[in-house]
Amino acid sequence: MPVNYTLLDLNSVVRAIGRGVVFYAPVWDGTQNLALTHLGDTEGEITVELNESYNDLTLPELTGDAIHERRLAGENPVITIPLFLADPALRAIVSPTGSASGGYMRQRPVTEYTLVIFPEELFRDANGDFAQLTFDGTAWQIGGQALTPEQDRLLGLSAWFWRGHFQKPGITFRSEDGGKLVLQVNYQAMPTKLATSVIPDGQRLYTVGDPADAGIDIHPQA
């Protein structure tokens, strides 16, 4: 039986994602409904470096550096957010200690957050206006209406980082460009501490798409 190789219909290929918007919450405990707040406006690319590490089997005396077997040892994701930081209230949020200031006599645990990145276009309603995204424990809605197939696709591009902390972006004063202040803010993802019955194996650092598709109930009090 022949095997066929067919080119894609280029008119059906989805090529664009668009801007991202970042939401955050105190680290989710798995028992409360996950309520998210918009972190702030951004300018530029929001990027996620997964920093994968591998455990390799090599035979250097036979085949040099060729990898014969490989296991994924883990990932260490770092999210970089080009955030407008002229609002003083943001300084305490994007800090590992929950304070814009610094200088403690002893070590302190980091302040942990849950971070979610949505495509901005997901929030556009049928009229072309930006509307509220809601979840009632059963279905997602935009402006009170069920998601369209396109909005459902965009939800599938969302990224949910269940636990992590921000790193201070430093202090900058600018006169150029009207004094516009955009700084690179890093968020260091960490493995969740929640039980696998809440966040299953394979999702312990982050989940891409609708969490319900991975068996994660972000609205357990529905």
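L133 stands opposite I142 in strand β9. The two strands involved, β8 and β9 (residues 140–142), pair in the antiparallel sense over three bridges. This is a predicted model. The protein holds three helices and 13 strands. Of its 222 residues, 33% count as buried. Its C-alpha atoms fill a box of roughly 65 × 55 × 45 Å, taken along the principal axes.

**The three-stranded sheet**

- Three strands form an open sheet, in the order β8-β9-β10.
- The pairing in this sheet is antiparallel.
- The edge strands are β8 (133–135) and β10 (145–146), and each of them pairs on one side only.
- Strands of a sheet pair through backbone hydrogen bonds, either parallel or antiparallel.

**Strand β1 and its partners**

- Strand β1 covers residues 20–26, and six of its seven residues are buried.
- Strand β1 is therefore largely enclosed by the rest of the structure.
- Seven bridges join β1 to strand β7 (residues 113–119), and these two strands run antiparallel.
- One residue to find here is V21, whose bridge partner in β7 is F118.
- Strand β1 also pairs with strand β2 (residues 37–38), in the antiparallel sense and over two bridges.
- In that pairing, F23 has H38 in β2 as its bridge partner.

**Aromatic pairs**

- The structure holds 13 aromatic pairs.
- F161 and Y206 form a tilted pair, with 5.7 Å centre to centre and 40° between the planes.
- That pair links distant parts of the chain: F161 is in strand β11 (residues 159–167), Y206 is in strand β13 (residues 206–208), and they are 45 residues apart.
- Both F161 and Y206 are buried.
- F166 and Y187 form an edge-to-face pair, with 5.4 Å centre to centre and 70° between the planes.
- F166 lies in strand β11 and Y187 in strand β12 (residues 182–189), so this pair ties together parts that are 21 residues apart in sequence.
- F166 counts as buried because its relative accessibility is 0%, and buried means under 20%.
- Y187 counts as buried too, at 0% relative accessibility.
- Ring pairs also link F23, W28, F118, F123, F135, W140, W160 and W162 into a cluster.
- Two members of that cluster appeared above as bridging residues: F23, the partner of H38, and F118, the partner of V21.

**Charges over rings**

- R70 lies over the face of Y54, at 4.1 Å from the ring centre.
- R108 lies over the face of Y104, at 4.2 Å from the ring centre.

**A nonpolar patch on the surface**

- L57, L59 and L62 make a nonpolar surface patch of about 290 Å².
- L59 is found in the loop between β4 (53–58) and α1 (60–63).
- L59 has a relative accessible area of 33%, so it is partly exposed: that class lies between the buried limit of 20% and the exposed limit of 50%.
- The 33% of L59 also fits the patch rule, which takes residues with over 30% relative accessible area.

Definitions and conventions:
Residues numbered from 1 in each chain as written. Predicted model: local features only at pLDDT ≥ 70, side-chain atom pairs only at ≥ 80, totals over all residues. Heavy atoms only, no water. Patch = residues over 30% accessible without salt bridge, like charges linked within 9 Å, V, L, I, M, F, W, Y side chains within 5 Å. Areas by Shrake-Rupley, 256 points an atom, 1.4 Å probe, with all protein chains shown as cover. Salt bridge = Lys/Arg side-chain N within 4 Å of Asp/Glu carboxyl O. Helix = DSSP H or I, 4+ residues; strand = E, 2+ residues; numbered from the N terminus. Buried < 20%, exposed > 50% of the residue type's maximum accessible area, 1.4 Å probe, protein only. Pairing = 2+ DSSP bridges. Phe/Tyr/Trp six-rings, centres within 6.5 Å; stacked < 30°, edge-to-face > 60°. Lys NZ or Arg CZ within 6 Å of the ring centre and 35° of its normal.
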